Structures are given as structure tokens and as C-alpha cells.
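The exercises that follow can be worked with the sequence and the coordinates side by side. Each one gives a task and then a solution that goes step by step.

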Amino acid sequence: MKTIDKIPTSKIQRATKLVSTGLKVGVNYAKYYGEKMVKTETEAKDNLNEANATDIYDGLKNLKGSALKVAQMLSMEKNILPNAYVEKFSLSQFSVPPLSAPLVAKTFKKYFKKTPSEVFDTFTAESVNAASIGQVHKATKGDKKLAVKIQYPGVADSISSDLALVKPIALRMFNIKGEGTDDYFKEIENKLIEETNYTLELQQSIEISEACKHIPNLKFPKYYEEFSSNKILTMDWMDGLHISEFTKQNNNPAVSNKLGQSLWDFYMFQMHTLKKVHADPHPGNFLVSPENELVAIDFGCMKEVPLTFYTPYFELAEKENIEDPAFFEAKLYELEILKPTDTPEEIVFFKTLFHEMLSLFTTPLQQEVFDFSNPTFFNKIAELSTKYAQSTELKKMNGNRGSKHFIYINRTFFGLYNLMHDLQPNHIIINNYKTL
């Protein structure tokens, strides 16, 4: 893969790159309008989506940082974005152009005050894994095989300006308008800032691996403070395949159930016991070891779940509460989905929308055992997402709905459901975490 010798770091440089990407998208639309005259609407639209996805991703992958992180987040929205975007943006999870060897050495010395060869016995100049905020190199120290994550230069300093540039796109995409949007973007900005703090990630990684070490078939690397800094994070090298790679070759239902139960228990224990959850559940953050054990490897994005949100959120996971009209409406106000300023039309519309959504999305939580290999559940989610994505009535409403905590908690559940769908376990004990 071609390497990168320089990353645009100034606001002007990054804005210029995004503007040039926008111009390419404009050209693609011009081609689309021309193609509609000689091709079917479906063919023309597919070509447009493919061209736009490619040009947008190609622009973002060289910027790295929060701009690319947004693409990574969007890649998990399989039921919102066209498939061309999902496939292209999914590359941001663990396969983007890495820094060149000279830039790696320069960056490492800037952050650690020593060269890699002064710290480790061996160090691969080429990265083995490159994502949105940093890239991973293989190293050794004595008899230890290590993974060394190096943060891209300038990433932390460009978060605010990057979000300001992508904010108008996100607002249009998710139909968000009116007052209160700053709370959502501040939540995202704060989480991205935390993800660039590797000292915090080191602490979180040690805490979560210690708290969850009792979960069967779940492994964590050991982390090394002496080889880490605010922009360098060193841990044990863990052999294995990313979940997305593993699922392509696995055809053993027993292994699927084993891994799926570990993944589910991991998230339920965090959510319900720790009230702090790994909020970045995409395939690049999990490996499957040669022994078919689940390996969790990235804890930069952790979300604390305050009781003021946790309690009403999970009260609405219970079927009897969803079916109680007065209780249901009261909780929608508590979760800021309904507002005192809503019109009667808005109240009826959003009560109906969220009743339909929650009745479906909470289905697994209402069972003793759930079959994630059954396509019916996921097909219904896709149908419901398509229904509201195409709803002309919803587009007239203000999509600015719900507490800021929904952003990462919903992202966690959608990501978890997607991973479970990929693994295809057919027998998951929902409350198994309580017995561990």
C-alpha cells in the first residue's frame, strides 16, 4: 500500500482538501444527471454513489484524524447509507494508507524523545495496521512481542476545526436542525479528544481488562506504561484475525456461539454492571485468536452511562413499559425525545416512530435466548430504517431528538448488533453476564 510522507495539519490545508473533495462530488453529480438520460435511474444512482464514496474516502484517508473517524462511524450505519459508502468507509476501520518509514521515525522521536531502535530490540518500520487516529507497528523487547500504536501528527490539534467542516454535512444527512445541535457535536468532540489521549487509553485499557477478565473466552493484551506516552501506546502483540476476516471463513456454529456469547457478555457486563462501556464496537477492534477466543484490543472510546440516562433507557427495553402509553410518553420526555415545545402533530409522530423502533430494537433484550443468525430481525431493522429514511413527513420534522448520551449508547448497540449479525450465533443467553 502506498505510504504517506506528510499529513495536512493546518486548518487551511485541511479545509482546502475537503473543498477539493467537494468539487469532485459536484462533478460526479453532473455526470449523474447526464447518465440519467441514457441509463436507468438505478444504474445512474449506483454509479453516483460509487464515485462519491470513492472520492470522499480518498479525500478523508489522507487527512486522517477526526475527519476519517467520522467516515468510520458512518460505516457502521449499514441501514442508513448506500452500500457503496458502507463498503468504502469500512476501510477506515483498519486499512488506510500508513505513514512512511521516515515520518514514523520522526513522529516516534517527537512523542517519545527517543528513536524506536533506542527503545525496542526490533521495530518494523512498516505499519501492520493503519486506522483513523493512529497506526500499529510490531516490535520486540526481550522475549516480548509487542504492538506499538503511534498517533498521527496533528490529529489532536485539528479535531475542532475538522468537526466544524463536516458539521453541515452531518446536519443534512441526519436531518438535524434548530437549537441544541451544539450539545451533540460537543459530545463527539470530547470523545474524539479523549481518543487522542493515549495516557487515558492506557488507564482505561488496564481498568477494563481487569474488570472483565472473568468473562470466558475473552482475552486482552497486557499494556506497558514504560513504553507508552500521551501519543504512543504499547501492548502485547495478539495473534488473530479481525472479526470481519474471521467470519468469511468460519462455518462452525459452535464457534460462532462461543464467540458471540463472549462478545454479548462483555457488553452486557459493561453496560449493566460497570455503567461504562466500550463505545466503538467495529470489526477492527476485535480479533479472533487461533484458539477461537475473542480478543479486545482498543479502548480509546469509552462512554460512561449516567444513571439519569441508564434508568429510563433500559426501562423502555421492557415490553410492558413500551406497551403502557402513559409510562412510555413520560419516559420519552425524560430522555428528551419529546419536548415541552412540541406541537400535537410532532408528539403523535415521534411517539409512533419511537414505539415502532423500540419495539423492534429491544427484541433481543426481552428474550431469555436469542438467535442472531435468524435474518428476520435484521431484515426488519433494515426495512424500518429504509422506511424512515424515505419518509417525507420525517424530513419536515426536526431530527434533533434525544439526550446527547444517545449518540454513543445507540452507536454501541448498533455496532454490537452488527457484530453479532456477522458472527451468526444462534443461541445467545441474554442475561448470562449475571451468572459469571
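**Exercise 1. Decide whether phenylalanine 372 is buried or exposed, and describe how its ring pairs with other rings.**

Solution. Begin with accessibility, keeping in mind that this is a predicted model. A residue counts as buried under 20% relative accessible area. Phenylalanine 372 has a relative accessibility of 0%, and therefore it is buried. Next, take its pairing with phenylalanine 378, where the ring centres are 6.4 Å apart and the planes make 45 degrees, an arrangement classed as tilted. Phenylalanine 378 is buried, as phenylalanine 372 is.

**Exercise 2. Classify the ring pair of phenylalanine 370 and phenylalanine 372, and place the two rings in their wider setting.**

Solution. The search of the whole structure gives 31 aromatic pairs. For the pair in question, the centres lie 4.8 Å apart and the planes meet at 70 degrees; because planes over 60 degrees apart count as edge-to-face, that is the class of this pair. Phenylalanine 370, at a relative accessible area of 10%, falls under the 20% cut-off and so is buried. Finally, follow the ring pairs outward: they connect a cluster that includes Phe370, Phe372 and Phe378 together with Trp264, Tyr310 and Tyr417, among others.

**Exercise 3. Find which charged residues lie over the faces of tyrosine 198 and phenylalanine 350, and work out how helix 15 is built around the latter.**

Solution. Over the face of tyrosine 198 lies lysine 149, at 5.0 Å from the ring centre. Over the face of phenylalanine 350 lies arginine 401, and here the distance to the ring centre is 4.0 Å. Phenylalanine 350 is one of the buried residues of helix 15, which also include Ile347, Leu353, Phe354 and Leu358. In an α-helix there are 3.6 residues a turn, so residues three or four places apart point the same way. To check the length, take the 18 residues of helix 15 (344–361) at 1.5 Å a residue: the expected span is 26 Å, and the end C-alpha atoms are 26 Å apart, so the two agree.

**Exercise 4. Trace the partners of strand 3 and the hairpins that it forms.**

Solution. Strand 3 (residues 134–141) runs antiparallel to strand 1 (residues 122–123), to which two bridges join it; in this pairing, phenylalanine 123 has alanine 139 as its bridge partner. Strand 2 (residues 129–130) also pairs with strand 3 in the antiparallel sense over two bridges, with asparagine 129 partnering valine 136, and a hairpin of three residues connects strand 2 to strand 3. Then turn to strand 4 (residues 144–151), which is antiparallel to strand 3 and joined to it by eight bridges; glutamine 135 stands opposite isoleucine 150 there. The hairpin of strand 3 and strand 4 has two residues between the strands, and in it glycine 142 adopts a positive phi near 65 degrees.

**Exercise 5. Establish the strand order of the open sheet and explain why strand 5 and strand 7 stand at its edges.**

Solution. The sheet has four strands in the order 5-10-9-7, with mixed pairing. Strand 5 (218–219) and strand 7 (241–242) each have a single partner strand, so one side of each has no neighbour in the sheet, and these are the edges. Within the sheet, strand 9 (residues 286–288) pairs with strand 10 (residues 294–296) in the antiparallel sense over three bridges, and phenylalanine 286 has alanine 296 as its bridge partner.

Conventions. Residues numbered from 1 in each chain as written. Predicted model: local features only at pLDDT ≥ 70, side-chain atom pairs only at ≥ 80, totals over all residues. Heavy atoms only, no water. Phe/Tyr/Trp six-rings, centres within 6.5 Å; stacked < 30°, edge-to-face > 60°. Buried < 20%, exposed > 50% of the residue type's maximum accessible area, 1.4 Å probe, protein only. Lys NZ or Arg CZ within 6 Å of the ring centre and 35° of its normal. Pairing = 2+ DSSP bridges. Expected span 1.5 Å × (residues − 1).
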